[in-house]
Amino acid sequence: MYNLLIFGPPGVGKGTQAKFIAEKLGLFHLSTGEYLRKAIDEETELGKKAKVLVEKGSLVPDDLMIGIVKEALVKNVTENGFILDGFPRTIPQAKALAEIFEELKYKDILVLHLTANDNELVRRLLNRGRGDDTEDTIKHRLRIYQEATKPVIDFYKNCTLEIDGVGEVEDINNAIFERLRSFAS
Ligand code: AMP
């Protein structure tokens, strides 16, 4: 069983790696960014609230995000575990998540922290070309990452595996599994 959070700046490859890991280990996978993009496409109430914020690269309010993640985790309790991609992004989200884990009796949380320098991140994001990948938005998202999200790394400092996110997707994937192997429970 693996209870994983995948963490890192925009463009580091969290989404790609999270999908691989979830598939290989049979984990419940929730990407809050994907969840929001789907809600925006489908023009749901949540989508309408989130649209402008996601488009300009700002964070969606904590209470909304915490509600989404709580509901998804409660509904999808699995034997193999889960991987959360893009959550928590703020200290209040991390604190709320700790309470959810307590309620669901989830232990042995591991954080995979993917790292890359800003030049590499900007290059990758501009290549990806998603709707929120314009130069201004990218700068804004990197700044938000530094201000709001980086402190969350400290919150998990005792259970974090740091992994170099620069290189071939497959090599990074192998490095992750290598590190994870010794933590199977
Ligand atoms: P991502 O796909 O993880 O890069 O997320 C895309 C966008 O969705 C972010 O720039 C935020 O606007 C929003 N978002 C995703 N996850 C969160 C979260 N945990 N808290 C607040 N906003 C989020």
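This is a short chat about the ligand site and two loop residues in a predicted model.

Guide: Residues are numbered from 1 along each chain as its sequence is written. Local features here need pLDDT of at least 70, side-chain atom pairs count only at pLDDT 80 or more, totals for chains, interfaces and linings use all residues, and side-chain values use heavy atoms, with hydrogens and water left out.

Visitor: What makes the pair between threonine 32 and the ligand a polar contact?

Guide: A polar contact with the ligand is a pair of N or O atoms within 3.5 Å. A polar side-chain atom of threonine 32 lies 2.8 Å from a ligand nitrogen, so the pair fits that cut-off. Glutamine 93 also puts a polar side-chain atom 3.0 Å from a nitrogen of the ligand, while at serine 58 a polar backbone atom is 2.6 Å from a ligand oxygen.

Visitor: Why is glutamate 43 called exposed?

Guide: Exposed means over 50% relative accessible area, with a 1.4 Å probe and protein chains only. Glutamate 43 has 61%, so the word applies. This residue lies in the loop between H2 and helix H3 (45–56), and its phi is near 55°, a positive value in a residue other than glycine.

Visitor: How do you know that aspartate 108 is exposed?

Guide: Its relative accessible area is 57%, so aspartate 108 passes that cut-off. Aspartate 108 sits in the loop between H5 and strand E4 (109–115), and has a positive phi of about 55° although it isn't a glycine.

Visitor: Why point out a positive phi?

Guide: Because most residues other than glycine have a negative one.

Note on methods:
A polar contact is a pair of N or O atoms within 3.5 Å; within protein, one must be able to donate a hydrogen and the other to accept it, and residues adjacent in sequence count only if both atoms are side-chain atoms. Helices (H or I, at least four residues) and strands (E, at least two) are DSSP runs, numbered from the N terminus. Buried means under 20% relative accessible area, exposed over 50%, partly exposed in between (1.4 Å probe, protein chains only).
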